[in-house]
Amino acid sequence: MSTLPEPYVAAVSRLSAKSWRERKEAVAQIKTAIADDRAREEVMMPLAERLIDGLLSPDDLEGRAASHEVLVSMESYAVDAVLARLESAEEAPRLLVDLLGELGDPVGTPRCARILGDETLDANLRASAASALGRLGGSDAAAALRGVLGAGAQLLGVHVLDALHTMSARVGLAEVRGL
């Protein structure tokens with residue numbers, strides 16, 4: 001992991017502060033700094049990595065929410081770090097799959113499609129992948145969603161239909177008849 005420059009180091013540590021006001025100030029400070037540094041990969045990648053650590057921290061609910069807020073504001077600048085973390089994880093954390101959809105960069109579509117299509121994975125994780133694909137949109141996402149429609153549990157089918165609806169895809173009666 002690369003070194004994170006100031007002012008980020010202090011601000012990121014304040015994302016876990018007990019005071020909501022201090023957390024909100026840290027979020028605002030980081031968002032302001034990001035606006036100036038978006039083109040600097042040497043800043044964006046380590047920042048996204050640190051924020052992902054905060055997002056996945058099991059013991060710090062406040063820090064998780066603040067990290068999530070900043071990651072979403074980074075938009076496509078956080079995608080590479082999210083994808084790298086997903087690839088290195090034994091089991092994909094649902095929070096990261098959800099985040100891919102929120103980031104809105106179609107670069108995440110193939111990874112979400114693989115998760116959705118893997119019947120050995122947890123149904124909730126696959127449902128998150130379906131929702132993310134709905135947010136990402138595009139023909140590849142629609143094809144992945146249609147590919148599992150009717151092939152899984154009813155709950156997954158509901159998430160797939162909702163994702164198709166989110167992307168304003170038309171679903172024919174024949175596609176849903178077996179659900």
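**Group meeting talk: a walk through an all-helix model**

Okay, let's start with one residue: alanine 163, which sits in helix 10, residues 154–166. A helix here is a DSSP run of H or I with at least four residues, a strand is a run of E with at least two, and both are numbered from the N terminus. Before I go on, this is a predicted model, where local features need pLDDT of at least 70 and side-chain atom pairs count only at pLDDT 80 or more, while totals for chains, interfaces and linings use all residues. Residues are numbered from 1 along each chain as its sequence is written, and side-chain values use heavy atoms, with hydrogens and water left out.

Back to our alanine. Is alanine 163 buried or exposed? Its relative accessible area is 2%, so alanine 163 is buried. The cut-offs are these: buried is under 20% relative accessible area, exposed is over 50%, and partly exposed is in between, using a 1.4 Å probe and protein chains only. What does alanine 163 touch? Leaving out residues up to four places away in sequence, alanine 163 touches Ala130, Ser131, Gly134 and Leu145. A contact, by the way, means heavy atoms within 4.5 Å. And then there's alanine 113: that one is 50 residues from alanine 163 in sequence, and 12 Å away in space, C-alpha to C-alpha.

Now let's zoom out. The protein chain has eleven helices and zero strands. Its C-alpha trace spans about 55 × 30 × 30 Å along the principal axes. Of the 179 residues in the chain, 42% are buried. And if you take contacts with a separation of 6 or more, 60% of them are between residues 24 or more positions apart.

Next, a helix pair. Helix 5, residues 79–88, packs with helix 6, residues 94–103, at an angle of about 155°, and their axes are 10 Å apart. That makes the two helices roughly antiparallel. For the record, axes are lines fitted to C-alpha atoms, for helices over the stretch in contact, and angles run from 0 to 180 degrees between N-to-C directions. Under 35 degrees counts as roughly parallel, over 145 as roughly antiparallel, 65 to 115 as roughly perpendicular, and the rest as oblique.

Who makes that contact? On the helix 5 side you have Val79, Val82, Leu83, Arg85 and Leu86, and on the helix 6 side Leu96, Val97, Leu99, Leu100 and Leu103. Sorted by type, the residues of this contact come out as nine nonpolar, no polar and one charged. Nonpolar here covers Ala, Val, Leu, Ile, Met, Phe, Trp, Tyr, Cys and Pro; charged covers Asp, Glu, Lys and Arg; the others, Gly among them, are polar.

Last topic: salt bridges. How many are there in the whole structure? A search finds eight, where a salt bridge is a side-chain nitrogen of Lys or Arg within 4 Å of a carboxyl oxygen of Asp or Glu.

One of them joins glutamate 87 and arginine 114, at 2.9 Å, N to O. This pair links distant parts of the chain, with glutamate 87 in helix 5 and arginine 114 in helix 7, residues 109–117, 27 residues apart. Glutamate 87 is partly exposed at 48% relative accessibility, and arginine 114 is partly exposed at 47%. Lys24, Lys31 and Glu69 are joined into one network by salt bridges that share partners.

Glutamate 22 and arginine 14 also form a salt bridge, at 3.8 Å, N to O. Glutamate 22 is partly exposed at 31%, and so is arginine 14 at 23%.
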